[in-house]
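The report below describes how two chains meet and then turns to one of them in its own right. Please look over the sequence and the model before reading on.

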Amino acid sequence: MRLPRVIAACWLVVAATGARVFAQAAQGEFVPVVPGASKEAIPAAPLVFVAYAFVWVALVAYVVLLWRRLGKVERELTDLNGRLKSTRRS
Amino acid sequence: MTTINRFVPFVLVIALVMFVRAPFMIDAAPYESTMGLIQKIFYFHVPAAMMTFLSAFVCGIASIFYLVGRKRTADHIAVAAAELAVVFGLIVLVTGPIWARKAWGVWWQWEARLTMTLVMWMIFVAYLLLRRFGGAGSDVLAAAVGLFGMALVPFVYWSVNVWRTLHPTTNVVISLPPEMMSVFGWCAAAFLLLYLALLAVRVRLEVARAALEDAFLAVED
């Protein structure tokens with residue numbers, strides 16, 4: 001019966017010591033914010049610019065790629081159809 | 001199809017004019033009270049998401065027609081729509097995290113809307129990979145994948161209303177004040193016109209590819 005009481009007493013001492021060590025000092029005064037002192041941690045303007053720039057670049061790049069792919073396939077098709085016609089004539 | 005293709009350049013020019021005007025309208029739109037400037041990404045982010053959903057539906061419905069009737073036109077439309085779902089989905093998945101970095105303090109959260117959007121996008125990437133590398137029979141398998149991608153759209157859309165997420169709910173669009181709604185409507189219309197033009201061109205590419213394959217086979221014969 002003695003050991004649990006000793007353990008409980010030690011635990012209380014440790015807890016009280018920790019509470020004293022980590023307890024914040026009571027605030028003694030209020031300090032007003034200096035106007036203009038706080039700045040945006042993450043500026044919005046560059047992010048907005050990058051987002052819109054990405055949309056434009058992605059869409060323009062896709063349109064250009066699509067047009068080139070279409071041009072290539074249609075040229076090949078025209079050549080092949082020409083060859084087919086000449087083969088059938090001969 | 002030829003009639004539609006004649007209108008494509010006009011539609012593209014109109015879309016381009018609307019896209020050029022859009023930044024001026026977005027700049028003039030009011031700032032949102034809690035998010036400020038970063039909220040203006042909304043005017044491209046949401047229309048891109050709408051086009052992603054539309055493309056997913058077009059792909060899914062075309063895939064159904066292909067699975068049932070094996071019509072080549074349906075297959076061409078499905079492939080075109082899947083590619084556009086990947087393009088517009090990429091825009092959503094890039095502009096969203098840029099917005100989130102400022103609004104939420106993090107680039108990404110594994111919450112319902114974002115995660116399901118990523119999964120849906122990956123499904124359409126898988127569709128394209130299947131068509132590119134799948135070989136014979138991949139058109140039918142890809143059609144099933146396209147159907148699955150379409151089925152995800154309602155879950156992606158309603159996820160913000162059903163689960164507690166960081167992402168704004170669907171109510172933000174319908175409750176926009178007039179000065180924001182007009183700008184949003186303009187941008188959405190610009191994206192829609194661009195999407196329709198790109199879909200027509202991409203379908204034309206698929207038709208040409210199919211004709212090229214048939215021509216090669218005819219040459220071999």
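The contact between the chains takes 24 residues from chain A and 30 residues from chain B, where two residues are in contact if their C-beta atoms, placed from the backbone, lie within 7 Å. This is a predicted model, in which local features need pLDDT of at least 70 and side-chain atom pairs count only at pLDDT 80 or more, while totals for chains, interfaces and linings use all residues. Residues are numbered from 1 along each chain as its sequence is written, and chains are lettered from A and ligands numbered from 1 in the order in which they are written.

The table divides two sets of residues by class (Ala, Val, Leu, Ile, Met, Phe, Trp, Tyr, Cys and Pro count as nonpolar, Asp, Glu, Lys and Arg as charged, and the others, Gly among them, as polar).

| Set | Nonpolar | Polar | Charged |
|---|---|---|---|
| Side of chain A that touches chain B | 19 residues | one residue | four residues |
| Contact of helix 2 of chain A with helix 3 of chain B | 14 residues | one residue | two residues |

Helix 2 (residues 44-89) of chain A packs against helix 3 (residues 72-103) of chain B at an angle of about 175 degrees, with their axes 9 Å apart. These two helices are therefore roughly antiparallel to each other, a term for angles over 145 degrees. Among the residues that meet are A:Phe54 and A:Tyr62 from helix 2 of chain A, and B:Trp99 and B:Arg101 from helix 3 of chain B.

Chain B has seven helices and zero strands, helices being DSSP runs (H or I) of at least four residues and strands (E) of at least two.

Key:
Axes fitted to C-alpha atoms, helices over the stretch in contact; angles between N-to-C directions. Parallel < 35°, antiparallel > 145°, perpendicular 65-115°, else oblique.
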